[in-house]
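Biologist: I'd like to go through this one label by label and hear what stands behind each. Can you pull it up?

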Amino acid sequence: MMKSVTGAACAILWAGSAMAGVKSTPRYICERGVEIPAVYVNTDDGSEPGVVVLMIEGRMINLEATAEAASGVRYRFPNDGSGYVWWTHQGEATLSWFDAEVKEEVTLYAFCKES
């Protein structure tokens, strides 16, 4: 499984490259009109969702898929510490921050709809 995407790779993906593995490049419109562009990249063999690269508040963030189920896909990085969490399900998403110290997840942007 592809573990991370380097900054250079993020820039190439973000530019809309037709590289193998790029699954989709949707934009999400969240509450309060916040827009979050995303690039989904499959694993090398295409068998699992790999990573999502999000543009959040002027920064590119790459998150690894940690779970896939009927209720969607959950992306995090790092998987064992504090960090962003992106949960997608049927064209909708939520962005949260997981605080590993207190074991609590706080929603940053909810009701994000794929546009």
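Biologist: What makes Arg-27 partly exposed?

Modeller: This is a predicted model, so everything here is computed from it. Arg-27 has 40% relative accessibility, and partly exposed covers what lies between under 20% for buried and over 50% for exposed. So Arg-27 gets the middle label.

Biologist: And why do you say Arg-27 forms a salt bridge with Glu-35?

Modeller: The closest N and O atoms of Arg-27 and Glu-35 are 2.8 Å apart, and the cut-off is within 4 Å, so the pair counts. Glu-35 is partly exposed too, with a relative accessible area of 41%.

Biologist: How do you know that Arg-32 and Glu-31 meet in a salt bridge?

Modeller: Their N to O distance is 3.5 Å. The limit is 4 Å, so that pair passes. Arg-32 is at 64% relative accessibility; exposed means over 50%, so Arg-32 is exposed. Glu-31, at 25%, counts as partly exposed.

Biologist: What does the salt bridge of Arg-74 and Glu-105 tie together?

Modeller: Arg-74 sits in strand β6 and Glu-105 in strand β9 (residues 104-114), so the pair ties together parts that are 31 residues apart in sequence. N to O, the side chains of Arg-74 and Glu-105 meet at 2.8 Å. Arg-74 has a relative accessible area of 21%; buried means under 20%, so Arg-74 is labelled partly exposed. Glu-105 is partly exposed at 36%. The structure holds four salt bridges, these among them.

Biologist: On to the rings. Why is the pair of Tyr-40 and Tyr-75 called tilted?

Modeller: There are three aromatic pairs in the structure. In the one formed by Tyr-40 and Tyr-75, the planes are at 55° and the centres 5.8 Å apart. Stacked needs planes under 30 degrees apart and edge-to-face over 60, so 55° comes out as tilted. Tyr-40 lies in strand β3 (residues 35-42) and Tyr-75 in strand β6 (residues 72-77), so this pair ties together parts that are 35 residues apart in sequence.

Biologist: Are those two tyrosines buried or exposed?

Modeller: Tyr-40 is at 6% relative accessibility and Tyr-75 at 3%. Buried means under 20%, so both labels read buried.

Biologist: What makes the pair of Tyr-84 and Trp-97 edge-to-face?

Modeller: The angle between the planes is 90°, with 5.0 Å centre to centre. Edge-to-face is over 60 degrees, so 90° qualifies. Tyr-84 is in strand β7 (residues 83-89) and Trp-97 in strand β8 (residues 92-99), 13 residues apart. Tyr-84 is buried at 11%, whereas Trp-97 is partly exposed at 35%.

Biologist: Which surface patch does Trp-97 belong to?

Modeller: Trp-97 forms a nonpolar patch with Val-106 and Leu-108, with about 230 Å² of accessible area together. Leu-108 lies in strand β9 and has a relative accessible area of 32%. Patch residues need over 30%, so Leu-108 clears that bar.

Biologist: Why is β7 called largely enclosed?

Modeller: Five of its seven residues are buried, so β7 is largely enclosed by the rest of the structure.

Biologist: How do you know that β7 pairs with β6 and β8?

Modeller: Pairing takes at least two bridges; five join β6 to β7 and seven join β7 to β8, so each pairing holds. Both pairings are antiparallel. Phe-77 stands opposite Tyr-84 in β7, and the bridge partner of Thr-88 in β8 is Ala-93. The β6 and β7 hairpin has five residues between the strands; the β7 and β8 hairpin has two, and Gln-90 in that turn has a positive phi of about 50°.

Notes
Residues numbered from 1 in each chain as written. Predicted model: local features only at pLDDT ≥ 70, side-chain atom pairs only at ≥ 80, totals over all residues. Heavy atoms only, no water. Phe/Tyr/Trp six-rings, centres within 6.5 Å; stacked < 30°, edge-to-face > 60°. Helix = DSSP H or I, 4+ residues; strand = E, 2+ residues; numbered from the N terminus. Buried < 20%, exposed > 50% of the residue type's maximum accessible area, 1.4 Å probe, protein only. Patch = residues over 30% accessible without salt bridge, like charges linked within 9 Å, V, L, I, M, F, W, Y side chains within 5 Å. Areas by Shrake-Rupley, 256 points an atom, 1.4 Å probe, with all protein chains shown as cover.
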